[in-house]
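Please examine the fold displayed below, beginning with its strands and proceeding to the helix and the core. The discussion then closes with one loop residue.

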Amino acid sequence: MPADEVLRRRRDGTTVDLVLEPGGGSWPAAALLVLRTLAVLLAVGFAFLPVGMLLVAVAVIVGATFVGAVTVCAALWVSAALLLWPFVAAAELRSVRRVQFAPARNPTELRFVRGARAGAWAPISGLRRIQLRESVEEPYEGDPAPAVRTLDITVVTSTGGEGPHSAPKGTDVDALQRSLEDLLGPAGIPVLRRTERRVRPEPRRPSGGWVYGGSGSANSGGGFSGGG
């Protein structure tokens, strides 16, 4: 993915946005985020479907009706999701989606854009560094699959850190690093990059092999002779 999808200049040219997660910063986006959180919680309940089926079976054995047992389990499932929903949604709304730098050339200020709103502008001097951690999984010898690269971005300020956030798959790390250095270099803010490499583990092969085919008798091709 091109680096300008991660470090984007706004159309009006006023700011440059470091996009850590898509969306955020508006109430419609926040409403969609909250609804998506509920949908995810309900979907997670499917992971416990075997446990629910076991509870239904036990309830039927002890005398409950099948419909009644299913209704109770479904009600517990939905109730648990609704109870967790406010806490998970609040955490998502506090998550930083973008970091804005202004002005677009030689920025002197920055602010964090969260799920529902943008924070106050602050001097860029509060930004200590931006860390890029690249992980490369290289193919083993003879593996036809290409290398897999992932990138995590962490924004470190004087009051703590934001991240790590996963960059979109296929992000051009070299181009992103150069763009960040060009943007933040005049302010004396370093962009640190660490690359970790490992070889993809080779799949295990069975320790023993199957032997196909049968064994023939030494006399299988011989004829019989008769005497009189």
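**Strand pairing, helix packing and core**

In this predicted model, β6 and β7 run antiparallel and are joined by 10 bridges. One of the pairings across these strands sets Q131 against T154, its bridge partner in β7. β6 also pairs with β9, and here the two strands run parallel, with 9 bridges between them. At this second junction, E138 is found opposite V199 of β9.

These pairings belong to an open sheet of 4 strands, whose order is β8-β7-β6-β9 and whose pairing is mixed. The edges of the sheet are occupied by β8 and by β9, which spans residues 191-199. Each of these two edge strands has a single partner strand, so one side of each is left without a neighbour in the sheet. From one strand to the next, the twist averages 15°.

The helix α4 packs on this sheet and touches β6, β7 and β9. Its direction makes about 170° with that of β6.

The same helix reappears when the nonpolar interior is considered. The largest nonpolar core contains 26 residues, and the members that touch the most other members are L18, V99, F101 and I153. Two or more residues are contributed by each of β2 (16-19), β3 (98-102), β4 (109-113), β6 (127-138), β7 (148-157) and α4. The largest share is that of α4, which supplies 5 residues. Thus β6 and β7 appear among the contributors to the core, and both are also touched by α4 where this helix packs on the sheet.

A final point of interest is the loop that leads into this helix. D172 is located there, between β8 (160-166) and α4 (173-184). Is D172 buried, partly exposed or exposed? Its relative accessible area is 36%, and because buried means under 20% and exposed means over 50%, D172 is classed as partly exposed. The side chain of D172 reaches the backbone nitrogen of A175, at 3.1 Å. With respect to R149, D172 is 23 residues away in sequence, and the C-alpha to C-alpha separation in space is 9.8 Å.

How values were computed:
Residues numbered from 1 in each chain as written. Predicted model: local features only at pLDDT ≥ 70, side-chain atom pairs only at ≥ 80, totals over all residues. Heavy atoms only, no water. Buried < 20%, exposed > 50% of the residue type's maximum accessible area, 1.4 Å probe, protein only. Polar contact = N/O pair within 3.5 Å; in protein donor to acceptor, adjacent residues only side chain to side chain. Core = buried A, V, L, I, M, F, W, Y, C linked by side-chain atoms within 4.5 Å. Pairing = 2+ DSSP bridges. Axes fitted to C-alpha atoms, helices over the stretch in contact; angles between N-to-C directions. Contact = heavy atoms within 4.5 Å.
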